[in-house]
Amino acid sequence: MRLVAFAFGLMALAAVAAPAAAQQQMVDPDFRPTVERPAYAAGQGPVVVIDEAHANFHRLEGQYAPFAALLRADGYQVRAGTQAFDAGGLEGVDVVVIANAGATQQKPTPPAFTEAEGAALEAWVRDGGRLLLIADHTPFGAAAEALAARFGVRMGTGYAFAMTDGGRDLTTNLTYPAEALGDHPIIAGRGDSERVDSVTAFTGQSLEGPDGATALLHMTDGARESPDLPTLQALADRLDEAGGSEAAVAELSKPALPAQGLAFEYGRGRVVVLGEAGMLSAQLIRYPPESGQADRRFGMNAAPGNARFGLNIMHWLSGLLP
C-alpha cells in the first residue's frame with residue numbers, strides 16, 4: 001500500500017528530507033480565520049511568542065502563519081521568538097509556543113534545546129509561565145524528548161497510527177470524536193458555543209503525561225506506533241501483501257502511548273503538549289495537473305473543530321478558562 005493516506009502529515013518531512021518533485025506543500029492561501037467573540041480587544045491580549053530559534057519547521061511567517069492569524073483575530077499579540085530561552089527569549093512573554101523544533105537529518109536526532117535553555121524554560125513555567133509544546137513524528141519527538149521529560153512528559157517519538165478495516169489496513173490521520181476528548185476546560189470552553197466536538201490530527205506521535213495530567217485527546221483503542229517512516233512503509237506493504245497480519249503489526253510497531261494531547265498545571269504555570277502540529281495550521285498539498293490528483297487540505301481548513309481547540313488551549317493557558 002502506497003502511503004497516500006498519510007500524505008497530509010508526512011509532507012512535513014520536506015524540511016528534513018528531499019521533497020517529492022510532484023508535490024508542493026504550502027500554507028492554504030484561502031484560509032481566513034474568524035472569531036465571533038474575540039477574547040481580547042485587537043492587539044491588547046497576552047503576548048504569545050512562536051519559537052523560531054531552534055530549527056523549527058513551523059514558524060510565524062511560515063507553516064504557523066494560519067495559527068498566528070487565528071490568535072490575532074482573538075486579540076493576542078503574536079511575535080516570533082528568535083532568542084534562546086536562557087538569553088532573553090522569555091522576557092515580556094506570556095505564552096511560549098514551540099512547534100516542531102529540531103528539523104534535522106542528523107542521526108541520531110540531537111536535542112533541539114541545550115540543558116541551560118531547558119532549565120530556564122522549566123523554571124519560567126514553574127514560576128507562572130505558560131507553555132504550548134508541540135512535537136510531531138520523528139525527528140521532532142526525539143528533538144523535544146529531553147525538554148518534555150523536564151515536565152514529566154514521555155514521548156513516543158515515532159509515527160502513531162490506528163488500525164482500520166478490521167486490522168487489514170492502517171491510517172495516521174486520527175480523528176478524535178467527542179467521546180475521545182478529555183474532561184477539561186479546554187474541551188468545554190466558555191460555554192456551549194465553544195465546546196470542542198471533534199479534533200483531527202494528521203499523523204504525529206503519542207504521549208504520556210505526568211501524574212495529574214489530563215489527556216485531551218485519548219488515543220484510539222489498539223493504536224500503535226512505528227519508530228520511523230521506512231518501518232511504517234514496510235508495515236503498510238506487509239499488510240497489503242498478507243491482507244492483514246497481526247505478526248507484521250507486532251514486529252514493526254509497538255503500542256502507542258495513551259494520548260496525543262495533554263494539559264496540566266506545573267508549579268504556578270500551565271503546560272499543554274500536543275503530539276501533532278499540522279492540526280493547528282492550514283496547509284495545502286498541490287499536485288501537478290498531470291498527476292490526476294486533486295489538491296488536499298489539512299489542518300484547521302480541513303477540520304473546523306481544530307480552530308476551536310486551538311483557541312481554547314490558548315484561553316486556558318492565558319487564564320481565561322479555570
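**Is W124 buried or exposed?** W124 counts as buried, because its relative accessibility is 16% and the cut-off for buried is under 20%. This is a predicted model, and the legends below go through it one close-up at a time.

**View 1. W124 and its surroundings in helix α3.** The residue at the centre here, W124, is part of helix α3. If we skip the residues up to four places away in sequence, W124 touches L90, V93, D94, V95 and V96, and also G129 and R130. For a sense of scale, try finding R286 as well: it is 162 residues from W124 along the chain, and the two C-alpha atoms are separated by 41 Å.

**View 2. The whole chain, before we zoom in again.** It helps to step back for a moment. The chain has 8 helices and 18 strands. Its C-alpha atoms fill a box of roughly 55 × 40 × 40 Å along the principal axes. A compact globule of 322 residues would have a radius of gyration near 20 Å, and the chain, at 19 Å, agrees with that. Buried residues account for 55% of the 322. Take the contacts between residues at least 6 apart in sequence: 77% of them join residues at least 24 apart. About 13,000 Å² of the chain is exposed, with carbon and sulfur atoms supplying 49% of that area. As for charges, there are 23 positive and 37 negative ones, and their mean positions are 3 Å apart.

**View 3. R270 and a backbone oxygen.** Look for R270 in strand β16, which covers residues 269-274. With 10% relative accessibility, R270 counts as buried. Its side chain reaches the backbone oxygen of W316 at 2.6 Å. Plenty of other residues touch R270 too, again leaving out those up to four places away in sequence; among them are V125, G129, R130 and L131, along with F264, E265, L317 and P322. G129 and R130 may ring a bell, since W124 touches them as well.

**View 4. Two threonines in contact.** What does the side chain of T200 make a polar contact with? The partner is the side chain of T175, at 3.1 Å. T200 sits in strand β10, residues 199-202, and it counts as buried at 11% relative accessibility. Apart from neighbours within four places in sequence, T200 is in contact with L174, T175, M279, A303 and N306.

**View 5. T203, with a positive phi.** Now move along to the loop between β10 and β11 (207-208), where T203 lies. T203 is not a glycine, yet its phi is positive, about 70°. How accessible is this residue? T203 counts as buried, with a relative accessibility of 0%.

**View 6. A55, another positive phi.** A55 is found in the loop between β2 (47-51) and α2. Here too phi is positive, about 50°, although A55 is not a glycine. At 40% relative accessibility, A55 counts as partly exposed.

**View 7. Helix α2 and the glycine after it.** Helix α2 runs over residues 65-73, and its buried residues include P66, F67, A68, L70 and L71. After α2 comes G75, which has a positive phi near 100°.

**View 8. Two cis peptide bonds, each leading into a proline.** Start with K107 and P108, which are joined by a cis peptide bond with omega about -10°. P108 belongs to the loop between β4 (95-99) and α3 (115-126). The other bond to find joins T138 and P139; it is also cis, with omega about 10°. P139 is in the loop between β5 (130-134) and α4 (140-150).

**View 9. P258, a proline in a loop.** Which residues does P258 touch, not counting residues up to four places away in sequence? They are L207, E208, L217, H218 and M219. P258 itself lies in the loop between β14 (254-255) and β15 (259-266). With a relative accessible area of 43%, P258 is partly exposed. T220 is 38 residues from P258 along the chain, and their C-alpha atoms are separated by 8.3 Å.

Key
Residues numbered from 1 in each chain as written. Predicted model: local features only at pLDDT ≥ 70, side-chain atom pairs only at ≥ 80, totals over all residues. Heavy atoms only, no water. Buried < 20%, exposed > 50% of the residue type's maximum accessible area, 1.4 Å probe, protein only. Helix = DSSP H or I, 4+ residues; strand = E, 2+ residues; numbered from the N terminus. Rg over C-alpha atoms; globule rule 2.2 N^0.38 Å. Contact = heavy atoms within 4.5 Å. Areas by Shrake-Rupley, 256 points an atom, 1.4 Å probe, with all protein chains shown as cover. Lys, Arg positive; Asp, Glu negative; His and termini not counted. Charge placed at Lys NZ, Arg CZ, Asp CG, Glu CD. Polar contact = N/O pair within 3.5 Å; in protein donor to acceptor, adjacent residues only side chain to side chain.
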